[in-house]
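Biologist: I'm new to reading protein models, and I'd like a close look at one part of this one: the charged side chains and who they pair up with. Could you walk me through them, and then point out a few other spots worth a look?

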Amino acid sequence: MHGEYKVPGGKLVVVDVETDGGVLSDVRVAGDFFLEPDEALDAVNGALEGAPAGTDAAGLAARIEAALPTGTVMYGLTAEGIAIAVRRALAHATDWTDYDWQLIHEGPQSPALHMALDEVLTAEVAAGRRPPTLRVWEWGAPAVIIGSFQSLRNEVDADGAARHGIEVVRRISGGGAMFVEPGNTITYSLSVPESLVHGLSFQDSYAYLDDWVLAALADMGIRAWYQPLNDIATEQGKIAGAAQKRVVGPGGGPGAVLHHVTMSYDIDADKMTEVLRIGREKLSDKGTRSAKKRVDPLRRQTGLAREAVIDRMIDSFRARYGLAPGKVTDEELARARELARTKFTTGEWTARVP
């Protein structure tokens with residue numbers, strides 16, 4: 001069995017392993033990491049050899065830590081990262097390069113239709129009728145997108161939204177409210193087979209699915225990192241928020257994961273604070289005094305046009321994993337339009353948590 005895991009902000013860990021009588025055997029750890037002294041690698045392999053195959057990542061990491069020689073130095077590598085690679089091998093997880101990725105980047109669409117497209121396209125991936133897909137959004141109107149479980153009245157100032165002509169929609173994933181305006185926001189979705197995140201905890205899957213965009217930002221001169229649970233941040237502040245939804249496959253079989261990210265290219269902070277009810281407790285938790293300081297736009301940090309940022313992100317993904325141009329099919333679009341009409345524009349859905 002073969003498993004791979006890219007340590008967030010670090011290096012690739014590769015594990016080949018067998019099982020014999022319910023325990024790990026023939027364990028071989030490799031990768032492009034740095035590890036001193038040399039005998040530390042033998043210690044890692046030895047710590048994993050004979051471990052019960054059902055041991056979780058935390059338990060495997062503890063075995064590794066206990067076996068490392070005194071003074072061991074890891075660079076681009078962690079005991080947890082090795083353990084996750086083992087779990088992915090045992091789960092027969094797939095890798096990014098195992099797939100033929102498709103790009104969808106079409107014209108502006110309504111907020112409700114975007115919500116519906118996420119649901120439809122991810123369901124198609126779960127059913128095996130669509131390849132893993134990167135979809136870059138273009139916004140047809142300003143909007144506030146609230147999380148699946150958020151209270152509408154607690155998150156949105158209805159008068160402020162009406163005054164500024166801002167539509168409020170609820171998405172199928174959890175997480176917090178996002179304020180978006182056409183031209184000021186970069187949003188993308190990944191619809192991927194569940195096997196891509198096999199062996200990862202829910203939290204680790206966020207970091208894993210965000211890693212490519214951190215590399216793309218680095219290519220633009222921005223040192224960014226994943227900030228648990230679902231933020232992407234730089235030294236200047238938060239620049240993006242992510243959310244996920246797991247979709248069950250047909251007949252309850254293996255499904256798919258929707259992972260979408262909204263990035264602030266630019267932001268009208270005054271308007272945002274008139275529309276969103278951002279509580280003091282939340283601001284305090286983020287270590288800031290003002291909502292205006294919570295998000296630091298990409299426009300200022302990159303000096304690039306929004307379209308150039310998007311192009312560089314797409315180019316980075318393509319260089320790493322391959323990416324063929326695609327489109328929403330007529331059937332998918334028809335289903336999404338119907339779903340937008342019957343679900344995402346209805347008060348029953350939008351105010352399901354009043």
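Modeller: Here is a walk through the charged side chains, followed by some contacts and some backbone details.

Keep in mind that this is a predicted model. With that said, let's start with the salt bridges, of which the count comes to 15. A salt bridge here needs a side-chain nitrogen of Lys or Arg within 4 Å of a carboxyl oxygen of Asp or Glu.

Take Arg135 and Asp118. Their closest N and O atoms are 3.1 Å apart, and they form a salt bridge. Arg135 belongs to strand E7, residues 133-136, while Asp118 belongs to helix H4, residues 111-126, so the pair links distant parts of the chain, 17 residues apart. Are these two buried or exposed? Both Arg135 and Asp118 are buried.

Now go to Arg306 and Glu138, whose side chains meet in a salt bridge with an N to O distance of 3.0 Å. This pair links distant parts of the chain too: Arg306 is in helix H11 (residues 306-321), Glu138 is in the loop between E7 and strand E8 (143-146), and 168 residues separate them. Why do we call them buried? The cut-off for buried is under 20% relative accessible area. Arg306 has 6% relative accessibility, so Arg306 counts as buried. Glu138 has a relative accessible area of 16%, so Glu138 is buried as well.

Stay in helix H11 for another pair. Asp315 and Arg318 form a salt bridge, with the closest N and O atoms 3.1 Å apart. Both residues lie in H11, three residues apart, which is about one turn of the helix. What about their exposure? Asp315 is partly exposed at 44% relative accessibility, and Arg318 is partly exposed with a relative accessible area of 35%.

Salt bridges can also join up into a network, and here one links Lys6, Asp211 and Arg320.

Next, some charges that sit together on the surface. Glu18, Asp20, Asp26 and Glu49 form a negative surface patch. One of them, Asp20, is in strand E2, residues 12-20. Asp20 has a relative accessible area of 56%, so Asp20 is exposed, given that exposed means over 50%. Another member of the patch, Asp26, lies in strand E3, residues 23-31. Asp26 is partly exposed, with a relative accessible area of 46%. The backbone of Asp26 is worth a look too: phi is positive, about 50°, although Asp26 is not a glycine.

For a contrast, find Arg87 in helix H3, residues 79-90. Arg87 is buried yet has no salt bridge. Which side chain of opposite charge is nearest to Arg87? That is Asp56, 7.5 Å away. What the side chain of Arg87 does reach is the backbone oxygen of Ala53, at 2.7 Å.

Now a buried polar contact. Ser189 is found in strand E11, residues 185-193, and at 1% relative accessibility Ser189 counts as buried. The side chain of Ser189 makes a polar contact with the side chain of Trp137, at 2.9 Å.

Distance along the chain and distance in space are worth setting side by side. Gln150 sits in the loop between E8 and helix H5 (152-155) and is buried, with a relative accessible area of 11%. Gln150 and Leu134 are 16 residues apart in sequence, and their C-alpha atoms are 26 Å apart in space. Then look at Thr350, in helix H13 (residues 347-350), which counts as buried at 10% relative accessibility. Thr350 and Arg171 are 179 residues apart along the chain, yet their C-alpha atoms are separated by 8.6 Å.

To finish, a few more backbone details. A cis peptide bond joins Glu36 and Pro37, with omega about -5°. Pro37 is found in the loop between strand E4 (34-36) and helix H1 (39-48). The peptide bond from Pro228 to Leu229 is cis too, with omega near 5°, and Leu229 lies in the loop between strand E12 (225-227) and strand E13 (231-234). Last up is His92, in the loop between H3 and strand E6 (102-105). Phi of His92 is near 55°, a positive value in a residue other than glycine, and His92 is exposed, with a relative accessible area of 57%.

Terms used
Residues numbered from 1 in each chain as written. Predicted model: local features only at pLDDT ≥ 70, side-chain atom pairs only at ≥ 80, totals over all residues. Heavy atoms only, no water. Helix = DSSP H or I, 4+ residues; strand = E, 2+ residues; numbered from the N terminus. Buried < 20%, exposed > 50% of the residue type's maximum accessible area, 1.4 Å probe, protein only. Patch = residues over 30% accessible without salt bridge, like charges linked within 9 Å, V, L, I, M, F, W, Y side chains within 5 Å. Areas by Shrake-Rupley, 256 points an atom, 1.4 Å probe, with all protein chains shown as cover. Lys, Arg positive; Asp, Glu negative; His and termini not counted. Charge placed at Lys NZ, Arg CZ, Asp CG, Glu CD. Polar contact = N/O pair within 3.5 Å; in protein donor to acceptor, adjacent residues only side chain to side chain.
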